[in-house]
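Biologist: I'm new to this one, so could you walk me through it and tell me what the labels rest on?

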Amino acid sequence: MAFNDLLQQLGGIGRFQQIQVTLLLLPMLLMASHNTLQNFTAAIPTHHCRPPAEANLSKEGEAWLPRDRQGQPESCLQFTSPQQGPPFPNGTETDGVGATEPCTNGWIYDNSTFPSTIVTEWDLVCSHRVLRQLAQSLYMVGVLLGAIVFGHLADRLGRRKVLILNYLQIAVTGICAAFAPNFPIYCAFRLLSGMSIAGIILNSMTLNVEWMPIHTRAHVGTLIGYAYSLGQFLLAGVAYAVPHWRQLQLVVSVPFFAVFIYSWFFIESARWYSSSGRLDLTLRALQKVARINGKQEEGAKLNMEVLRASLQKELTMGKVQASAMELLRCPTLRRLFLCLSMLWFATSFAYYGLVMDLQGFGVSIYLIQVIFGAVDLPAKLVSFLVINSLGRRPAQMASLLLAGICILVNGMMPRDQSIVRTSLAVLGKGCLASSFNCIFLYTGEVYPTMIRAVVVLLPETMGQPLPDTVQDIKNRRRGKPKRQQQEQQKQMIPLQASAQEKNGP
């Protein structure tokens with residue numbers, strides 16, 4: 001596997017890597033804004049039934065409203081007829097005399113915290129509350145479909161082209177959702193937004209990893225994780241400053257037009273070019289990177305013969321059209337696929353179960369959003385240190401184990417212990433963020449290049465070259481002797497030297 005050596009010769013972590021990683025990190029700041037946007041755009045304010053139009057809201061209107069045990073108007077019930085006298089004689093009990101029915105004239109909302117949400121605009125409360133969850137569920141369906149569709153397209157068309165498409169798609173669909181005239185159209189555009197978000201996250205990680213030397217991959221994965229965490233702080237501030245849901249939807253979507261414009265300057269993965277058998281484009285990309293990194297001489301030494309000798313295996317395997325079906329055909333890949341699928345499901349299910357119910361913690365939704373973002377900072381630092389010192393597998397195991405313990409203990413705590421339950425949820429969320437940090441890196445390192453854009457049983461990948469072919473995975477699984485790998489590298493040296501002699505200095 002000579003590709004890592006080529007990257008080192010052309011500057012390693014040079015100016016190109018620094019610029020491209022930075023430009024890929026910037027849109028990651030807005031990923032959290034879209035993933036958890038409905039915490040704010042679909043927030044449920046305090047509400048009660050709207051009395052009949054002829055009722056006086058201050059006096060007669062009160063006679064239509066039954067009270068709960070705290071003396072507050074019931075959210076989803078009204079009296080069938082106005083009640084004479086105090087509706088709750090002792091101030092704590094609902095009047096047991098008057099019959100009640102569901103709200104028939106709509107609802108009145110407390111707009112002091114949330115002036116406008118999709119809930120207040122389309123009355124997604126009481127019997128229609130399930131539609132609020134449906135909107136977020138459809139968004140997550142979009143994320144799943146996007147991972148499948150755009151992952152496949154990225155392996156066929158390249159990471160850069162799919163990223164450009166995804167940036168345009170999230171900008172357009174996000175703005176269209178902001179102007180949606182009704183709830184079904186809003187849900188449709190949110191689903192399309194979820195698809196593009198999945199493509200951006202997967203291909204940003206893949207493009208970064210494939211252009212970075214081996215020893216820097218954990219650093220890149222951690223940077224991406226921190227960019228997402230900082231995006232949670234950004235969302236809290238923006239949502240507080242822009243409380244109207246349509247305006248907030250616009251604010252987090254319009255910046256992607258700028259990202260779409262500068263994404264045209266990205267350089268496609270040379271590793272993907274070589275695995276696709278495009279040696280001419282591989283050479284062009286590497287020479288371009290050499291110029292940006294100030295390594296013109298090293299770039300000038302590269303030619304077709306040198307690349308053909310260095311990347312002989314990639315070019316040979318590039319002629320074989322691999323597909324995502326290899327995940328099921330190859331026993332080794334099938335085992336990895338099942339393990340990673342369980343990891344993704346467990347981490348995502350628990351993570352979004354926590355972060356999508358911020359109103360359930362009983363504190364300011366803006367404060368809990370900031371706290372959830374803050375806990376990621378030390379959690380991901382610890383994860384980074386463990387990944388670099390002990391490896392990916394211990395980090396993945398420890399983060400999931402601790403997260404599971406926190407969630408289980410939280411579920412057994414009494415509901416009145418709000419401080420303890422919130423603390424456990426915050427700790428669990430930090431562990432799940434660490435798990436995401438590790439699993440993104442793991443997925444990029446464990447799959448071969450041609451199907452990359454798809455825990456105890458997983459292999460350790462720390463310090464290992466990225467696999468380019470399915471055969472690389474099989475060799476790693478069989479524990480191919482290190483001596484044999486070293487002899488293969490020695491055999492490549494005379495081939496490169498002879499190629500250089502033919503082409504002159």
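Modeller: Sure, here is a short round of questions and answers; bear in mind that this is a predicted model.

Biologist: What makes Asn-111 "partly exposed"?

Modeller: Its relative accessible area is 42%. Buried would need under 20% and exposed over 50%, so Asn-111 counts as partly exposed. You'll find Asn-111 in the loop between strand S4 (107–109) and helix H5 (118–122).

Biologist: And how far is the C-alpha atom of Asn-111 from that of Thr-46?

Modeller: They're separated by 8.3 Å, with the two positions 65 residues apart along the chain.

Biologist: Why is helix H7 called largely enclosed?

Modeller: Of its 20 residues, 14 are buried, so the rest of the structure encloses most of H7.

Biologist: How do you know what span to expect for H7 (residues 159–178)?

Modeller: You take 1.5 Å times one less than the number of residues. For the 20 residues of H7 that gives an expected 28 Å, and the helix reaches 28 Å from its first C-alpha to its last, so the two are close.

Biologist: Which residues have the most contacts inside the largest nonpolar core?

Modeller: Tyr-167, Trp-211 and Leu-286, in a core of 89 residues. Helix H21 (residues 418–446) gives the largest share, nine residues. At least three residues come from each of domain 1 (1–47 + 111–320) and domain 2 (324–456).

Biologist: What does Leu-286 touch?

Modeller: Leaving out residues up to four places away in sequence, its contacts include Phe-3, Leu-10, Trp-211 and Leu-307. Apart from this core lies another, of 19 residues, with Cys-49 and Phe-183 among them.

Conventions: Residues are numbered from 1 along each chain as its sequence is written. This is a predicted model: local features need pLDDT of at least 70, side-chain atom pairs count only at pLDDT 80 or more; totals for chains, interfaces and linings use all residues. Side-chain values use heavy atoms; hydrogens and water are left out. A nonpolar core is a set of buried Ala, Val, Leu, Ile, Met, Phe, Trp, Tyr and Cys residues joined through side-chain atoms within 4.5 Å. Buried means under 20% relative accessible area, exposed over 50%, partly exposed in between (1.4 Å probe, protein chains only). Helices (H or I, at least four residues) and strands (E, at least two) are DSSP runs, numbered from the N terminus. Domain bounds come from an automatic or database domain assignment. Contact means heavy atoms within 4.5 Å.
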